[in-house]
Amino acid sequence: MAIKVSLRKKSAAPKAKEGVIQLVHYDDIATFPARTEDDIVVTGNITLKEGAKAIAIEVTAQSIDIANDPDGDPDAEGVVQKLVFEHPGVQVDSELFFQKYLGKPFIALSNDCSGEGTRVIGWKCNPIYLSPAGQDNNDAAKTTVTMAQQVRSRLRAGFYRGTAIPNEAWNDPTGSTGSGGAGV
């Protein structure tokens with residue numbers, strides 16, 4: 001049975017987001033918590049296979065866009081979960097990452113600073129796929145990453161309230177490379 005509620009008007013001001021996105025390769029996931037059309041808050045834990053970790057990617061926080069685009073005709077309407085963000089700079093490690101994982105399936109986690117929790121984009125049997133577009137000219141050196149589901153579903157991007165997923169170690173723990181340091 002569907003839940004019926006009345007909705008009050010609330011502030012539509014944007015919510016500040018942390019400048020790190022966690023990408024969890026779909027093949028590294030051991031279990032997903034149960035989720036149905038009646039669930040938007042995911043309270044169980046996403047667990048990873050032994051030794052697996054998420055990939056943390058620093059991004060321009062203001063560029064993070066989490067969308068639930070409507071798709072399909074009236075008899076088969078659903079949503080396509082999508083995440084867009086910008087990764088600043090053009091370095092060997094980031095270019096290699098984007099080359100290696102082009103078109104690969106992930107779920108993504110994005111923390112917002114509002115206290116509502118972590119957003120989870122992509123889900124069991126319907127991950128999001130990496131599609132990077134690079135720019136390296138006199139205007140900017142960055143990669144705009146679009147990650148979207150290939151199949152529409154009834155599930156919108158959720159709010160993850162499970163335990164934190166461990167990340168791989170930073171490629172450069174000193175932070176001395178890239179556009180913020182002595183690099184590009």
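Buried means under 20% relative accessible area, exposed over 50%, and partly exposed in between, with a 1.4 Å probe and protein chains only. The model is predicted: local features need pLDDT of at least 70, side-chain atom pairs count only at pLDDT 80 or more, and totals for chains, interfaces and linings use all residues. Residues are numbered from 1 along each chain as its sequence is written, and side-chain values use heavy atoms, with hydrogens and water left out.

**Exercise 1.** Determine whether Thr-143 is buried or exposed, and state which residues it touches.

*Solution.*
Step 1. Thr-143 is located in strand 11; strands (E, at least two residues) and helices (H or I, at least four) are DSSP runs, numbered from the N terminus.
Step 2. Thr-143 has 2% relative accessibility and therefore counts as buried.
Step 3. A contact means heavy atoms within 4.5 Å. Leaving aside residues up to four places away in sequence, Thr-143 touches Phe-85, Glu-86, His-87, Gly-89, Glu-95, Phe-98, Pro-132, Ala-133 and Gly-134.

**Exercise 2.** Establish which residues of helix 1 are buried, and why they are said to line one face.

*Solution.*
Step 1. Helix 1 spans residues 92-101, and its buried residues are Ser-94, Phe-97, Phe-98 and Tyr-101.
Step 2. Viewed down the helix axis, the buried residues of helix 1 fall within an arc of 95 degrees, so they line one face of the helix. The arc is that of the directions from the helix axis to the C-beta atoms.
Step 3. On the face turned away from the buried side, helix 1 carries the exposed residues Val-92, Leu-96, Gln-99 and Lys-100.
Step 4. The packing partners of the buried residues of helix 1 include strand 1 (17-25), strand 7 (78-88) and strand 11 (141-149).
Step 5. Just after helix 1, Gly-103 adopts a positive phi of about 75 degrees.

**Exercise 3.** Describe the architecture of the protein, and explain why its radius of gyration agrees with that of a compact globule.

*Solution.*
Step 1. The protein contains one helix and 12 strands, in the order β-β-β-β-β-β-β-α-β-β-β-β-β from the N terminus on.
Step 2. For 184 residues, a compact globule would have a radius of gyration near 16 Å; the protein has 17 Å, which agrees. This radius is taken over C-alpha atoms, and the globule rule is 2.2 Å times the number of residues to the power 0.38.
Step 3. Buried residues account for 36% of the 184 residues.
Step 4. Of the contacts between residues at least 6 apart in sequence, 70% join residues at least 24 apart.
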